[in-house]
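User: I'd like to learn how to read the aromatic rings in a model. Can you walk me through it?

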Amino acid sequence: MKKPILIPLVVLLMSVYHFGMSQPLKLNDQEYFETRGVNVLVYSNLFTGGFNDEKTAGIELIHHGVRTAQGGAVRLSNTPEQWDLVPDIPSRTVDKATNTIESVLKYDDYNLSTKVVVTAKGQGVEISVYLDQPLPAALEGSAGFNLEFLPSQYWAKTYIVDGRISRFPRYVVGETQLKPNTEKPRQFKGFVTSDDRGTGKYIVPLPLETGRSFLFAPEAPERTVKISSADADIMLFDGRILAQNGWFVVRSLLPAGKTGRVLTWTVEPNAIEGWVREPNIGFSQVGYLPSQQKTAVIELDKNDKVLQNAALFKIGENGKAAQVFSGDITPWGDYYKYHYVKFDFSSVKTPGIYYIQYGSVKTNNFLIEKSVYDKITDATSDIWIPIHMNHMYVNEAYRVWHGEPFKEGYLQAPPNSDHFDLHAQGPTTDTRYQALELIPGLNVGGFFDAGDFDIETGSNIGVVQNFVQAWEYFKPMRDQTFVDHQQRYVDLHRPDGTPDILQFIEHGTMNLVAQAEIIGHMAQTLSNAVLDNYHHLGDAASITDGLPYNPALGPYEIAPDGRSSGVKDDMWAFTSRNPNLDLRAATMFAAASRALKGYNDDLSQRALEQSKRLLNEATELLAKAPQEDGRWGASANVATNLQLYISTGEQEYKEHFLELLWPALDRNVSFVILTALHAIPHMEQGYKEKLRPYVVKYREYVEGLEKDNPYGVPIRLGNWAGSGDVVSFGTTICFANKHFPDIIEADHVFKSTNWLFGCHPYHNYSLVATVGAARPKEVFYGNNRADFSFIPGNVAPGILFRKPDHFENYDDWPFLWGQNEGTIGGNTSYLIFGSAFKDLVK
C-alpha cells in the first residue's frame, strides 16, 4: 500500500529540486522571455499563414533548444483543428520596465475582443486574460485559453494533476461526446473538417484530466513544465482525437458574465542549471569526394566554450577507429541565436569510412569516396515520383502504394466557389459545362502535388518542363519503372525498356493536354470539393467512392444500378481561365512535343497543336486586358519568352526576351541569372560576352552569402523553409561554372549538397529521404505521414525559421508542412540539380 504513495512523492521532490535551481525569466532584446534553456515567445509569430492554424504561432515555448509548446491564445474549441478560426492580433506591446508583453486578440466573427498579458514571474510567466465585455452568449462554454504541447516530446512521459499521477498516451486514447452541429463554432470560411455521415452531430473530445495544478514530465528535467491556476480549472486534452496532427492541449474555459481579469495561469518551464546545448556538427551525411573541399560547420550554444581543434577518425576493416587528422577550429561568428565555427579537413583524401569528433561529440560515420554522389537522385526518380503518378495503380513488390484514384472523374466547380487550398472558381465556369456536371476524360495522367492528392496545374506544368529540361540536357536513360497506361498500372523496380523520364513526361503531358482539349484551356486545379476528404491520410483510391455524385439520390445512397451515389465526395475542376497560365502551358506543350517525338508521336502532335492554339488565344486575351506592360501584360516574364523562342524560333520572342532580360538582371541578378544561362546555346556569341559582367556580379552575390551566414547558401526566413532556394542555387552554380568556369568556381556547388545532406542548423540529418544512409531524416509530411514515415527520395523544405531567431526541423513530428512536405515541383527541381551536379563532378 505504500509504494503508490512513494512514487508521486519522489517525483514531486524531484520537480521541486529542478525548479529550485531555475533562474528567473527576463525580457531580452529580441522581445521574448529568456533564461538559460528556456525561451517563452509571446506572439512573435502570428496566425497569418495561408492555412490558419499551422502550429507555428501564439505563445510558444522553446525548451532546451526544442519548440515544445505553441498556440497559446484564446481559442474556441477544446482541440483546435487546422481550419478552426484563429484570432487576429492587431496590437502587441512590450514593456521591459514591467517585464510584460500585452496583446489584443480578436474574433470579428463573434465580436469578441480579449487582452492577454504575459508577465515574467519568478521561474516562469503569469498569463492573464482580460475581457472588456462579457463573453458573447454563443461562446459561453466554448471560448477558453489554450496552450498546446508537442506530443512526440511528451508521449510516454508522466504528468501529475493535483497529486494524481498519470502518463501521456503514445497513441491517441480518450473519450468523446457528440453535440448538435448547431452548437459547433464556425470554422474558416464556413468549411467543415468532418463528415457527420448524416447524424447532424459533431465530435467533442473530453478531457484526459482536470485540476488546478499540472506538472508535466517530472522525470525529464529538460521537458518539465508546471502549469497552475488559482481561479479556474485546467483541463488536458489529446488533440489527436480529431486530427492526427493535433497536439496535447492544456485549456481553461473563460467564465460567462464576467469582465476584467477573468483568468490567470502560472506557467513554469524548468530550466536546467548551467544547461548548454550540445554542439551540432553539420556535415554531409552522403560523404565527400576525395578531391573536394570538406568543411564541417559546428553550431554552438553562445554559452559554450569554443574548443581549439576537432579531429577526424577513420574506421578500419577491423572495426577500430584511429585518429588520422586534427585541425584548428576557425571562427565564423554569430548567426541569430547561435555561434558558429568551422573545421576544414579537406587535406584528407584517402577513401574510407570516417567520423568527426569535437570535444565529446561524435558524428555518425560518412564516406570519402569518388562514387558517393552517384545515386543521390535514384530514390527520387525510382520511388517518389512514380508513387505520385495520379490515376494509376502503383505497386512495389508486396506493397500497394495506392489504387487507381478518382475513377468517377471530375465535376465542374460551381461559380463563386471558394476553396480551402487557396483556389476559387470565378463568377462563371468559363466552359460549356454546367455546375457539378461531369467533365469526362480528365482522370488521366498527372501528378499528385505534394502530401495531398490534387493536381495543381501550374505545378504540373513546371514539372513537365523540369522533366523535359533534364531529358534535353542530360538524356538520363535510367529504367527502373514499369508503366502501362492501358492497364493504368505502375510497378516499381521493374524495367520496361523505356527511359523512366520519358514516361514521366508522357504522364504529365497526358493530363495537361486533356485539360486543354476538353475544357478548352487550363484549369487552375483538379482538387477536392469538400474539406473532409482534402485532409485524407491513406490510399488515394479511397478518398472518393469511385462513383459520380447523383443529386437525385439521398445522402450516402447508392443508385440501384451501382453506377452513381449521393455522396458529395467527388473532385472538382476549377476552370476559371487565366491566359497567363495558358501561355505557360503553351510553352510547356512545345517543349514536351519535342521530347515526345519518336516515342509517343500522337501525344507529341496533340501537345504541339494545343501549344499553338493556346499561344494565340492567350496572346489575344492578354492584348485585350488592362495591363502595365503593353500587350504582354503579366505574362511578360523572361523565362516564358525564352522558351517560346526555343520552341517556335520566332524572332519576336527572342527580341522580347532580350528586352526584358537586361533590366531584370540589373534589378536582381540572382533571380534571373539561371534563365540567362539557359539561353546561351540559343543566342549569338555576343550574347555570352554581354552576360559576362552579370556573372561577375553573381559571383559577388555568392561571395556575399559566405558573409551572410556560415553555410554560404541562400536561407529563407518565411513560413516555408528554403531547400528549394538551395537547390536552385546549386543548379545555377552548375550552369554558371559550365559556361564561365573562369568566374564561378565549381567548389561553390558543394555548399548546396552539404546543406541538403546534413550541414545546416538545428540538426545534421540529410533532408532527402533515405539519401545519406547513416542518418537521413526519418519522418516527412507525405501522404503516409500518419505512419510517422517517409517516401524514399522526398526532399523536405528543411530548416524552418521562426521569428525572431529560432531555426527548427522536427524529425519526430511530420505534420508541419513548411518544414517537412516535399512537392512534385521541388522534387523534380532536385532531379535537375542532381543531374547537373553529377555531370559537373564527372
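Analyst: Sure. Let's begin with charges and rings: a charge counts as sitting over a ring if NZ of Lys or CZ of Arg is within 6 Å of the ring centre and within 35 degrees of the ring normal. Keep in mind that this is a predicted model. Here, Lys-777 has its charged end over the ring of Phe-780, 5.3 Å from the centre.

User: Which ring does Arg-494 lie over?

Analyst: That's Phe-482; Arg-494 lies over its face, 5.2 Å from the ring centre.

User: Now ring against ring. How many aromatic pairs are there?

Analyst: Rings pair if their centres lie within 6.5 Å, and by that rule the count comes to 57 aromatic pairs. Take Trp-332 and Tyr-335: their centres are 6.4 Å apart with 90° between the planes, so the pair is edge-to-face.

User: Are Trp-332 and Tyr-335 buried or exposed?

Analyst: Buried means under 20% relative accessible area. Tyr-335 has 8%, so this residue is buried, while Trp-332 is at 24% and counts as partly exposed.

User: What does a stacked pair look like?

Analyst: Planes under 30 degrees apart count as stacked. Tyr-354 and Phe-366 fit, with 25° between the planes and 6.4 Å centre to centre. Tyr-354 is in strand S26 and Phe-366 in strand S28, so the pair ties together parts 12 residues apart in sequence. Both residues are buried.

User: Which rings are linked into a cluster with Trp-332?

Analyst: Ring pairs link Trp-332 with Tyr-335, Tyr-336, Tyr-340, Tyr-711, Trp-755, Phe-801 and Phe-807.

How values were computed
Residues numbered from 1 in each chain as written. Predicted model: local features only at pLDDT ≥ 70, side-chain atom pairs only at ≥ 80, totals over all residues. Heavy atoms only, no water. Phe/Tyr/Trp six-rings, centres within 6.5 Å; stacked < 30°, edge-to-face > 60°. Buried < 20%, exposed > 50% of the residue type's maximum accessible area, 1.4 Å probe, protein only. Helix = DSSP H or I, 4+ residues; strand = E, 2+ residues; numbered from the N terminus.
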